[in-house]
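Colleague: I'm new to this one. Could you put it up and walk me through it?

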There are 2 protein chains.
Amino acid sequence: MLKLYYHPATISFAVQVALEDAGATSEGEFVDFRTNAQRTPEFLAINPKSRVPALITDRGVLTETPAIMEYIARTHPAANLAPLDDPFAMAEINAFNIYLCSTVHVAMAHRYRGYRWADDPEAIKAMTAKSPEVVADCFRVIEAEYFRGPFVMGDAYTICDPYLYVLSGWLDRDGIDRTQFPKVDAHFHMMRERPTVKKVMADWGM
Amino acid sequence: MLKLYYHPATISFAVQVALEDAGATSEGEFVDFRTNAQRTPEFLAINPKSRVPALITDRGVLTETPAIMEYIARTHPAANLAPLDDPFAMAEINAFNIYLCSTVHVAMAHRYRGYRWADDPEAIKAMTAKSPEVVADCFRVIEAEYFRGPFVMGDAYTICDPYLYVLSGWLDRDGIDRTQFPKVDAHFHMMRERPTVKKVMADWGM
């Protein structure tokens, strides 16, 4: 059985939604950041990178959200979460999710976790200050260039949708007005009503 | 025919090596950063994210190196660049490349491109100063936890190998002694002798 190491306030939410969308049988293991559970020897043996999500499979551990999302889609083909037999369309999907991972999420992390990249408290403050501008630039690109609608890739729901939903849901927290990106905003409200999203929120006490 | 927008000093080198490994027919288009060619309207119409690599296919443009690498492997199955029919092994490969993209390459970018995440010149200096420590931490994880040898994933050469080769080749430039990571260092020297790597270096005047 699959087991997801997660924290509700992280991108692991997107993975749990994809597991629900896939109809996968899985269990969850909460990683409590308040006690630094992600830095214990037990967790580092699971993910040496000290992050969630980490998905335990019968073959071993998988990390990195875009890779996990493609894995869920490929191992649950009946759920139609991606155009599995079309290498170009799959590459577009992966490129979108990898942009979220390597650029958008990273830009957001500079607001809260600047200590990863500088020691000077003033430098960390400077990153926090600039983060909303950088994140908004990313969402301008998504809105204008990549979002097709009503779902990210057009008419079909894919593994891009829960990923974008989680990051666009964090805009409020970061003081960025989501309504300046009308397509992304409409997507957020549509996603919030999906049964699988509601189920994960209920299951995780959100 | 495929067309790769590239700059030799960027991760687009890894993509060109994969194209050579695949036996793909492609042409290259140099993007001259000295003239800010990546910010021209012409290039932004190709990649609104203003980055290389960008791979033009007969279906459209692909971006994000890990997605491009999987696309090359899947569209050239005879080249055996990845275990295409094994979702778990593919997810491990993608997770490795996505870690390089979203964490290792990002950590390196803080040495040269801190302006992406802060405006204060002192903050940018603080990022430059910390970058080698952050990058070295990443390579410690790769060396201890993920590198199987002699290739990244073990006995088989995959799309992880040119990607790691390019980033490990940048360690010298960043003042990080690669020999502290003996497996990664041996991989670098082995990769440098591969005909496809030599061909790209010769073709690109490196």
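Modeller: Sure. In chain B, Asp161, Pro162, Leu164, Tyr165, Ser168 and Gly169 of helix α6(B) meet Val184, His187, Phe188, Met191 and Arg192 of helix α7(B); contact means heavy atoms within 4.5 Å. This is a predicted model, where local features need pLDDT of at least 70, side-chain atom pairs count only at pLDDT 80 or more, and totals for chains, interfaces and linings use all residues; side-chain values use heavy atoms, with hydrogens and water left out. Residues are numbered from 1 along each chain as its sequence is written, while chains are lettered from A and ligands numbered from 1 in the order in which they are written.

Colleague: How many nonpolar, polar and charged residues are in that contact of α6(B) with α7(B)?

Modeller: Six nonpolar, three polar and two charged. Ala, Val, Leu, Ile, Met, Phe, Trp, Tyr, Cys and Pro count as nonpolar, Asp, Glu, Lys and Arg as charged, and the others, Gly among them, as polar.

Colleague: And at what angle do α6(B) and α7(B) pack?

Modeller: About 110 degrees, with the axes 9 Å apart; α6(B) covers residues 160-169 and α7(B) residues 182-192. That makes the two helices, α6(B) and α7(B), roughly perpendicular. The label goes by angle: under 35 degrees is roughly parallel, over 145 roughly antiparallel, 65 to 115 roughly perpendicular and the rest oblique. Axes are lines fitted to C-alpha atoms, for helices over the stretch in contact, and angles run from 0 to 180 degrees between N-to-C directions.

Colleague: Switching topic: what order do the strands of the open sheet in chain B have?

Modeller: β2-β1-β3-β4, four strands with mixed pairing. Helices (H or I, at least four residues) and strands (E, at least two) are DSSP runs, numbered from the N terminus, and two strands pair if DSSP finds at least two bridges between them. The edge strands of chain B are β2 (26-30) and β4 (60-63).

Colleague: Do β1(B) and β2(B) run parallel or antiparallel?

Modeller: Parallel, joined by five bridges. B:Lys3 stands opposite B:Glu27 of β2(B). By contrast, β1(B) and β3(B) are antiparallel, over three bridges, and B:Tyr5 has B:Ala54 of β3(B) as its bridge partner.

Colleague: What do β3(B) and β4(B) form?

Modeller: A hairpin, with two residues between the strands. β3(B) and β4(B) pair in the antiparallel sense over four bridges.

Colleague: Last one: what rotation superposes chain A on chain B?

Modeller: One of 180 degrees, with 0.0 Å of shift along its axis and an RMSD of 0.0 Å. The copies are superposed by least squares on the C-alpha atoms of residues with pLDDT of at least 70 in both.
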